[in-house]
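Q: Could you take a close look at a single strand for me, together with whatever pairs with it and the loop that leads into it? A connected walk through that part would be great.

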Amino acid sequence: MTFGPSPPSTRSNGTDSRIASQVSLLRSFVTFGLAALLLLSAVGIPVAAQSGGDTFGLTTENVTSTENQTIRGTSTLETGTELQIRVQSSGETEPQFLQSDSATVGPTGKWNATFDFSAIETHDTVEVSVVASENQSAEFETPVRNDQASSSNSSESAPGFGVVVAVAALAGGAFLLRSRR
C-alpha cells in the first residue's frame with residue numbers, strides 16, 4: 001500500500017487539467033491579494049505622525065502664516081485631561097517666538113489649540129510640544145506653507161500615486177492575468 005500522489009503514468013488527463021486549473025486559480029488569488037495590499041498601502045490609512053510613544057499624535061500636517069491657525073492632535077489619555085500645547089520657532093524661523101494654549105482631550109481622544117502665525121514666513125517650520133505632565137509629553141515639527149489653497153488632510157492624499165492610478169493598475173494586472181490563460 002502506497003500513500004501520496006500516484007505515478008504520472010496512472011493519472012488521467014482530467015486530473016492534470018484540474019490541478020493546473022487549481023494552481024492557476026491560486027496564483028490569481030495570491031496576485032489579487034498582493035495587488036489589494038499594494039492598493040491599501042498606496043491610499044494609506046491615515047496615520048498621524050507620532051512621537052513619544054503612542055500617547056500623543058499630531059494630525060495637523062502643516063499650518064499657514066495667518067491668525068487663528070488650529071493645531072489638532074490625538075491622545076490616548078482619559079477624556080478631560082488638560083494638555084499644554086506649546087508652539088515655538090524651529091531652526092532659522094524668523095521671528096523667533098513661543099506661544100502656548102491649553103487643550104482638553106475630548107471623548108474621542110482628539111484635542112485642538114489655536115495660534116497666531118501671521119508673523120511667520122512661508123516654508124519655515126514650527127515645533128509643537130504637547131505636555132500633559134512631566135512624564136507625558138511629545139514634540140512634533142510642522143511646516144508653514146502658504147502655497148496651498150487649503151490645509152491638507154492626510155486622508156485626502158495618497159503617497160506616490162492616487163487611488164485612480166492604483167485601481168487602473170489593479171484592473172490592468174487582472175486583465176493581463178486573465179489573458180495569459
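**A close look at strand β3**

A: Happy to. Ile71 of β3 has Ala113 in β6 as its bridge partner. Keep in mind that this is a predicted model. That bridge belongs to an antiparallel pairing in which six bridges connect β3 with β6, residues 110-115.

β3 also pairs with β2, again in the antiparallel sense, over three bridges. Here Gly57 finds its bridge partner in Thr74 of β3. In general, strands of a sheet pair through backbone hydrogen bonds, either parallel or antiparallel.

Next, the two faces of the strand. Gln69, Ile71, Gly73 and Ser75 make up the covered face of β3, while Thr70, Arg72 and Thr74 make up the uncovered one. This fits a general pattern: in a regular strand the side chains alternate between the two faces of the sheet. Putting faces and partners together, Ile71, on the covered face, is the residue bridged to Ala113, and Thr74, on the uncovered face, is the one bridged to Gly57.

Finally, the loop that leads in. Asn68 sits in the loop between β2 (56-58) and β3 (69-75). The phi of Asn68 is near 55 degrees, a positive value in a residue other than glycine. For context, most residues other than glycine have a negative phi. As for its surroundings, Asn68 has a relative accessible area of 58%; the cut-off for exposed is over 50%, so Asn68 counts as exposed.

Methods. Residues numbered from 1 in each chain as written. Predicted model: local features only at pLDDT ≥ 70, side-chain atom pairs only at ≥ 80, totals over all residues. Heavy atoms only, no water. Helix = DSSP H or I, 4+ residues; strand = E, 2+ residues; numbered from the N terminus. Buried < 20%, exposed > 50% of the residue type's maximum accessible area, 1.4 Å probe, protein only. Pairing = 2+ DSSP bridges.
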